[in-house]
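Colleague: I would be grateful for a close look at the aromatic rings in this model and at the charged side chains placed over them.

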Amino acid sequence: QVQLVESGGGLVQAGGSLRLSCAASGSMSSSNAMGWYRQAPGKQRDLVATITSGGSANYADSVKGRFTISTDNAKNTVYLQMNSLEPEDTAVYYCWLKIRRAWGVYDYWGQGTQVTVSS
């Protein structure tokens, strides 16, 4: 059983910063990817940033240069440093984990954490 526990969301003014954390526990493998997606009211869930176990990162165009994803592999934790936040960044942010096992690939999701950016 794999669990993802998120923290770090909240309310911030435009131009401010927040740092999200997501700790994974349970049966892991050496071939993982972790990341963050977000969903604004009435919209679909979109990719924000992902990072592989080898450290290769991928960002949505809308957050490039403002957000930074990183991991602590020893702690199975992924972080999202969000700077220069804009009201358009307001959404529920979901932690995502992909585990590749010998018998298949599995996706796991956190419960979501609210990020609200006021103008």
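To begin, over the face of which residue does Arg 19 lie, and at what distance from the ring centre?

Modeller: The model is a predicted one, and the answer should be read accordingly. Arg 19 lies over the face of Tyr 79, with 4.1 Å to the ring centre. A second charge of this kind belongs to Arg 45, whose charged end sits over the ring of Trp 109 at 4.7 Å from the centre of that ring. Trp 109 leads on to the pairing between rings. Tyr 37, Trp 96 and Trp 109 form one aromatic cluster, and the count of aromatic pairs comes to 2.

In one pair, the ring centres of Tyr 37 and Trp 96 are 5.9 Å apart and the planes meet at 70°, so the arrangement is edge-to-face. Because Tyr 37 belongs to strand E4 (residues 32-39) and Trp 96 to strand E9 (residues 91-101), this pair ties together parts 59 residues apart in sequence. Tyr 37 counts as buried at 18% relative accessibility, and Trp 96 is also buried, its relative accessible area being 10%.

The other pair joins Tyr 37 to Trp 109; it is edge-to-face, with 5.1 Å from centre to centre and 70° between the planes. Here strand E4 supplies Tyr 37 and strand E10 (residues 104-109) supplies Trp 109, so the pair ties together parts 72 residues apart in sequence. Trp 109 has a relative accessible area of 38% and is therefore partly exposed, whereas Tyr 37 is buried. Trp 109 thus takes part in the aromatic cluster and also has the charged end of Arg 45 over its ring.

Technical notes. Residues are numbered from 1 along each chain as its sequence is written. This is a predicted model: local features need pLDDT of at least 70, side-chain atom pairs count only at pLDDT 80 or more; totals for chains, interfaces and linings use all residues. Side-chain values use heavy atoms; hydrogens and water are left out. Rings of Phe, Tyr and Trp (its six-membered ring) pair if their centres lie within 6.5 Å; planes under 30 degrees apart count as stacked, over 60 as edge-to-face and the rest as tilted. Helices (H or I, at least four residues) and strands (E, at least two) are DSSP runs, numbered from the N terminus. Buried means under 20% relative accessible area, exposed over 50%, partly exposed in between (1.4 Å probe, protein chains only). A charge sits over a ring if NZ of Lys or CZ of Arg is within 6 Å of the ring centre and within 35 degrees of the ring normal.
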